[in-house]
Structure formats: structure tokens, C-alpha cells
Amino acid sequence: QVQLVESGGGLVQPGGSLRLSCAASLDIFSMYTMGWYRQAPGNQREVVATITSSGTTNYADSVKGRFTISRDKAANMVYLQMDSLKPEDTAVYYCNGRKPWYPRNNYWGQGTQVTVSS
């Protein structure tokens, strides 16, 4: 019943832009803190950006000023707008949803590949 599906990844040149989308099927989407994480080969998974149910956002220092996370509660959608992309941004990007005060409610999408290369 629970499902997160990412889309929008692909190949882009340095300095280019991409917008990732996450379609969320959760019990009560509006109650979840949503986030984007990424994992490059040989690296640990790291948080990129999060957004709470009230709209508070947080960003990793490495993407601050370049990426923007947003959500559309009516459509059960989460987005990550990525601008000024760098080769270091190359990774598999994952959508995450977690429900505050309910640690068992922590879900992940299958991931979408983002490759930044000339």
C-alpha cells in the first residue's frame, strides 16, 4: 500500500538543471516529513534536503543555494529542483517519507539516477 516513486533523473551537463518528482502513496501524506537523499558509488547515503509538514526546509551545505525542495499536499507530490549542477552531484537520488513520532513509518523509493557530465 505504501509506495514512493521517483522520476525525472537523467544526464545533464555541468551548470544545467533537472527537476526530480516523487509521487507518494502514504497513509496521511500531509503528516510526513519528506526528503531527498542521494548515494554515489562507494559513498554512504546522505541527506540532500528535507521538508516538514509545515513547510520548513533544510538543505545539505553542498547543495544550499542550488537546490530547492517543495511539496504539493493536494497532489501528494514532492519535488527537487536542481540548478547549477556539478559533477559531484552525480548519484542515485531517493525519495523518503517519515512520520514524526512513528519511527516505524519510514519509507523509501526505488531511486532515480542523476548523472552530471560533459
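What share of the contacts in the protein chain with a separation of 6 or more comes from residues 24 or more positions apart? In this predicted model, the figure comes out at 53%.

As for secondary structure, the chain is strands and nothing helical: there are 11 strands and zero helices. Walking along the sequence simply gives β-β-β-β-β-β-β-β-β-β-β.

On overall dimensions, the C-alpha atoms fit a box of roughly 40 × 25 × 25 Å along the principal axes. The radius of gyration is 14 Å, which agrees with a compact globule, because a chain of 118 residues would then be expected near 13 Å. Some 42% of the 118 residues count as buried. The accessible surface adds up to about 6,400 Å², with carbon and sulfur atoms supplying 47% of that. Charge-wise, the tally is 11 positive side chains against 8 negative ones, and the centres of these two sets sit 7 Å apart.

Now for some local pairing, with strand β5 (residues 46–51) joined to β4 and to β6. Strand β4 (residues 33–39) runs antiparallel to β5, and five bridges hold the pair together. Within this pairing, M34 faces I51 of β5. Six residues separate the two strands of this hairpin, and G42 in the turn takes a positive phi of about 80 degrees.

Moving on to strand β6 (residues 57–59), three bridges link β5 to β6, again in an antiparallel arrangement. Here T50 is set opposite N58 in β6. This pair is also a hairpin, with five residues between β5 and β6, and the turn includes G55, whose phi is positive at about 100 degrees.

Definitions and conventions. Residues are numbered from 1 along each chain as its sequence is written. This is a predicted model: local features need pLDDT of at least 70, side-chain atom pairs count only at pLDDT 80 or more; totals for chains, interfaces and linings use all residues. Side-chain values use heavy atoms; hydrogens and water are left out. Helices (H or I, at least four residues) and strands (E, at least two) are DSSP runs, numbered from the N terminus. The radius of gyration is taken over C-alpha atoms; the globule rule is 2.2 Å times the number of residues to the power 0.38. Buried means under 20% relative accessible area, exposed over 50%, partly exposed in between (1.4 Å probe, protein chains only). Contact means heavy atoms within 4.5 Å. Accessible areas come from the Shrake-Rupley method with a 1.4 Å probe; for residues, only the protein chains shown count as cover. Lys and Arg count as positive and Asp and Glu as negative; His and the chain ends are not counted. The place of a charge is taken as NZ of Lys, CZ of Arg, CG of Asp or CD of Glu. Two strands pair if DSSP finds at least two bridges between them.
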